[in-house]
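Dear colleague,

Please find the structure below, handed over for your own examination. My notes on what was found in it follow directly after.

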Amino acid sequence: KSVDGGDSWDPVLVPSNIEEGICRKIVLHPVLTNVVYAIVGHRVYKSIDAGGNWSLIFDNAQNPNKLELFDIEVISNGTTDNVLVSSFSKRKSWGCTTIPAGCYAWGSLPGCQTKCTAKVWSFDVGQNGTSLFNFVDLTTILPGYNPVTVLVALSVTPNSWNIACQTNYDATNNSPPAEIKIYRKTLNNPWAHLSTTTAYGL
């Protein structure tokens, strides 16, 4: 952790209440300097004291298949944080009779591979608590969204959300070329599909 713009760094111990997993991203609050969000494995944590203590705000109730999280972004009106979080499909080898709910299988050999559908969620979090409200599974409302998705990248501007979805490509399984779809939501307007780009071999 650095408090001087990166000139010096101090080690920070991981609190015992954070489940073991890969921390893929830490995002600073756009307004409040002591508020930090982090994604670890399939969970989202929030700190209101610059990383000293962490509270779990997103877990199995919203992410029942424990999809590993890929990206997180936060915008705020000063009172409520609007959080956008995404997962990505993680290919594993499971027996075809034990496919987790929400996943699909391809291949006909024993132990065929499965892929969990990537997701995008939006929810609000109060500044002084960890309550989660106005929860929306965006994959159910994005126009033309392809659920067979490898990863979902996010970005924000002061007035808009941006989502980039990359669909699956597997040359050994004769799948279609990968597609990258871009979505955007501006203030007071619904999500819109801006463009689709074909990308071979990504």
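**Cysteines and two buried positions**

Cys165 is buried, with a relative accessible area of 3%. Please bear in mind that the model is predicted. Cys23, by contrast, is partly exposed, its relative accessible area being 41%. The disulfide count for the model is 0; a pair of cysteine sulfur atoms would have to lie within 2.5 Å to be counted.

I then turned to Gly126, which belongs to strand E10, spanning residues 120-126. Its relative accessible area is 16%, and Gly126 is therefore classed as buried, since the cut-off is under 20%. Setting aside neighbours within four places in sequence, Gly126 is in contact with Lys46, Thr79, Ser131 and Phe133. A further relation links Gly126 with Ser76: the two are 50 residues apart in sequence, while their C-alpha atoms are 9.8 Å apart in space.

The remaining position is Asp59, found in the loop that runs between strand E4 (55-58) and strand E5 (69-76). Is this loop residue buried or exposed? Asp59 has a relative accessible area of 15% and is therefore buried, as the value falls under 20%. Residues up to four places away in sequence not being counted, Asp59 touches His42 and Arg43.

In summary, Asp59 in its loop and Gly126 in strand E10 are each buried, at 15% and 16% respectively, and the model has 0 disulfides.

With kind regards

Methods:
Residues numbered from 1 in each chain as written. Predicted model: local features only at pLDDT ≥ 70, side-chain atom pairs only at ≥ 80, totals over all residues. Heavy atoms only, no water. Helix = DSSP H or I, 4+ residues; strand = E, 2+ residues; numbered from the N terminus. Buried < 20%, exposed > 50% of the residue type's maximum accessible area, 1.4 Å probe, protein only. Contact = heavy atoms within 4.5 Å.
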